[in-house]
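User: Could you take me through one part of this model slowly, at a level that suits a first-year student? I would like to start from a single side-chain contact and then see what lies in other parts of the chain.

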Amino acid sequence: MGRGFSVMGVVNVTPDSFSDGGQWLDPAAAIAHGRELAAEGAAILDVGGESTRPGAEPVGEAEELRRVIPVIERLAAAGGAAISIDTTKAAVARAALAAGASYVNDVTALRADPALAAVVAEAGCDCCLMHMQGSPRTMQEHPHYDDVVGEVVAFLEERVAFALAAGIAAERIQVDPGIGFGKTLEHNLELLRRLNEIAALGHPVVVGVSRKSFLGRITGREVASERVAATVAANVLAYERGASVFRVHDVAPTVDGLRVASATLRGDDA
Ligand code: HH2
């Protein structure tokens, strides 16, 4: 049997996300978009109400709840895909889980809100712990590492230990190198090249390369939505090096790419 993969489709309910901000701010549009991504093969839909793009301003709890909860309720009721809540706030995660979400994607790896770990532990849901250097507002100003892969691995090890100590089951924990979060082009490429060192932690590895600016730097594509082929290429290489969850805006081409990668590498047509 070949190694499986899950595609996580991005449902941004924000006015300011870097590649699709404002497109799905209307709940009906976001719900329709989520259903389309599920039909294209997304096993997980990642619903977010706060942009994490470089320079983004924080969003208040009430506004974040207002954006995401109606969308989660409807997408969870529709079935066909698990729902992830992309948030750093315990109150938002709690409401999202009550509305039908079963996965918490926290780009701060349980560092921003001291109450979030207990919410995840109590719900017994899956969670993603992501590496980020700095905060979204300032992270791209001067990213610096002596050994980017070693430092990301050490960070994720510490965060996994923290999550376990908070009562989150080991099999519920996924890890993510945080492509583009306090990283230069060279840092992103080194993390992708040596992703097997992150997979060696023994937790499913999530990667989010979708349409990100390092792909624009390499290809010369300034318009984010034109970085689909670049996104598929990066995801295929990440799969080959051990990643298993792929967070993308463009689900159908990513599923095709990963099916071919899986069939080629493992003699399976997953
Ligand atoms: N990237 C973004 C947001 N959430 N979560 C994980 N686990 N990994 C990622 O790489 C990741 C993430 C940024 O992308 P996007 O949602 O498209 O933009 P924005 O944050 O501006 O909404």
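**A close look at Ser 210**

Analyst: In this predicted model, the side chain of Ser 210 makes a polar contact with the side chain of His 249, at 2.7 Å. To place that contact along the chain, notice that Ser 210 lies in the loop between strand β7, residues 205–207, and helix α8, residues 213–219. Although Ser 210 belongs to a loop, it is buried, because its relative accessible area is 2% and the cut-off for buried is under 20%. Leaving aside residues up to four places away in sequence, Ser 210 touches Phe 18, Thr 231, Arg 247, Val 248, His 249 and Asp 250. His 249, the partner in the polar contact, is thus one of the residues on that list. A further distance concerns Val 232, which is 22 residues from Ser 210 along the chain, while the C-alpha atoms of the two are separated by 8.2 Å.

The loop between β7 and α8 also holds Arg 211, and here the backbone deserves attention. Most residues other than glycine have a negative phi. Arg 211, however, has a positive phi of about 60° although it is not a glycine. Arg 211 is buried as well, with a relative accessible area of 10%.

Elsewhere in the chain, Ala 109 can be read in a similar way. Phi of Ala 109 is near 55°, again a positive value in a residue other than glycine, and Ala 109 sits in the loop between strand β4, residues 103–106, and helix α4. With a relative accessibility of 0%, Ala 109 counts as buried, because the value is under 20%.

Another serine offers a useful companion to Ser 210. Ser 84 lies in strand β3, which covers residues 82–86, and its side chain makes a polar contact with the side chain of Asp 46, at 2.6 Å. Ser 84 counts as buried, at 0% relative accessibility. Not counting residues up to four places away in sequence, Ser 84 touches Met 8, Ile 44, Leu 45, Asp 46, Val 47, Tyr 103 and Asn 105.

Helices can be studied with the same care. Two packed helices are described by the angle between their axes and the distance between the axes. For helix α3, residues 90–98, and helix α4, residues 116–123, the axes come within 8 Å and cross at roughly 20°. The two helices are therefore roughly parallel to each other, a term used for angles under 35 degrees, and α3 passes α4 in a right-handed crossing. On the α3 side the contact is made by Ala 90, Ala 93, Arg 94 and Leu 97, and on the α4 side by Leu 116, Val 119 and Ala 123. Sorted by class, this contact has six nonpolar residues, no polar ones and one charged residue.

Helix α3 also meets helix α2, residues 61–78, where the axes come within 10 Å and cross at roughly 20°. That angle makes α2 roughly parallel to α3, and the crossing of α2 and α3 is right-handed. From α2, the contact is made by Glu 61, Glu 64, Leu 65, Val 68, Ile 69 and Ile 72, and from α3 by Ala 91, Val 92, Ala 95 and Ala 96. The residues of this contact divide into eight nonpolar, no polar and two charged.

Conventions
Residues numbered from 1 in each chain as written. Predicted model: local features only at pLDDT ≥ 70, side-chain atom pairs only at ≥ 80, totals over all residues. Heavy atoms only, no water. Helix = DSSP H or I, 4+ residues; strand = E, 2+ residues; numbered from the N terminus. Buried < 20%, exposed > 50% of the residue type's maximum accessible area, 1.4 Å probe, protein only. Contact = heavy atoms within 4.5 Å. Polar contact = N/O pair within 3.5 Å; in protein donor to acceptor, adjacent residues only side chain to side chain. Axes fitted to C-alpha atoms, helices over the stretch in contact; angles between N-to-C directions. Parallel < 35°, antiparallel > 145°, perpendicular 65-115°, else oblique. Left-handed = near helix turned anticlockwise from the far one by under 90°. Nonpolar A, V, L, I, M, F, W, Y, C, P; charged D, E, K, R; others polar.
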